[in-house]
Amino acid sequence: QVQLVESGGGLVQAGGSLRLSCAASGGSVRSYLIAWFRQAPGKERELIGRISWSAGYTLYLDSVKGRFTISRDNEKNTVYLQMNSLKPEDTAVYYCAADKGTYASAARLYDYWGQGTQVTVSS
């Protein structure tokens with residue numbers, strides 16, 4: 001079992017930056033990859049990217065490549081989503097989720113989720 005807690009969301013102006021945190025705890029945390037998702041109003045939850053505890057990260061959304069990065073601090077069991085050059089279309093609830101090595105893209109295939117953190121980007 002894994003518990004996930006997101007933090008760091010808020011209201012920012014276009015062009016600004018935010019760093020979201022995902023604190024992971026529970027048994028076998030290191031058996032899971034951590035994925036970042038977001039869900040905008042009226043839209044499906046979409047996979048942003050994913051990182052393991054022993055390797056690098058991968059971004060899947062073309063719209064955030066070059067602006068977002070994912071990193072980790074293994075000592076703190078925490079994964080970060082650094083968001084730069086934010087745009088109004090980045091406004092969404094951002095979630096982290098635990099992936100037991102499936103590399104799934106569909107949100108319904110993830111069993112463990114944080115509560116989500118709201119990111120609002122004003123123009």
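**Strand β9 and the nonpolar cores**

In this predicted model, Val93 stands opposite Gln118 in β11.

User: Which residue of β4 stands opposite Val93 in β9, and how many bridges join β4 to β9?
Analyst: β4 and β9 run antiparallel. Across this pair, Val93 in β9 faces Gln39. The bridges joining the two strands number seven.

User: In which sense do β9 and β11 pair, and over how many bridges?
Analyst: Val93 has Gln118 of β11 opposite. The pairing of β9 with β11 is antiparallel. Its bridges number three.

User: Which residue stands opposite Ala98 in β10?
Analyst: β10 covers residues 112–113 and runs antiparallel to β9. Two bridges join these strands. Opposite Ala98 stands Tyr112.

User: Why is β9 largely enclosed by the rest of the structure?
Analyst: Buried means under 20% relative accessible area. β9 has eight residues, and seven of them are buried, so the strand is largely enclosed by the rest of the structure. The count asked for by that reasoning is seven of eight.

User: How many residues has the largest nonpolar core, and which elements give two or more residues to this core?
Analyst: The largest nonpolar core has 29 residues. Ile34, Trp36, Ile48, Phe68, Leu81, Met83 and Tyr94 have the most contacts inside it. The elements giving two or more residues to this core are β3, β4, β5, β7, β8, β9 and β11.

User: Which residues are among those of the other core, of seven residues?
Analyst: This core lies apart from the largest one. Its seven residues include Phe37, Tyr95, Ala104 and Tyr110.

Notes:
Residues are numbered from 1 along each chain as its sequence is written. This is a predicted model: local features need pLDDT of at least 70, side-chain atom pairs count only at pLDDT 80 or more; totals for chains, interfaces and linings use all residues. Side-chain values use heavy atoms; hydrogens and water are left out. A nonpolar core is a set of buried Ala, Val, Leu, Ile, Met, Phe, Trp, Tyr and Cys residues joined through side-chain atoms within 4.5 Å. Buried means under 20% relative accessible area, exposed over 50%, partly exposed in between (1.4 Å probe, protein chains only). Helices (H or I, at least four residues) and strands (E, at least two) are DSSP runs, numbered from the N terminus. Two strands pair if DSSP finds at least two bridges between them.
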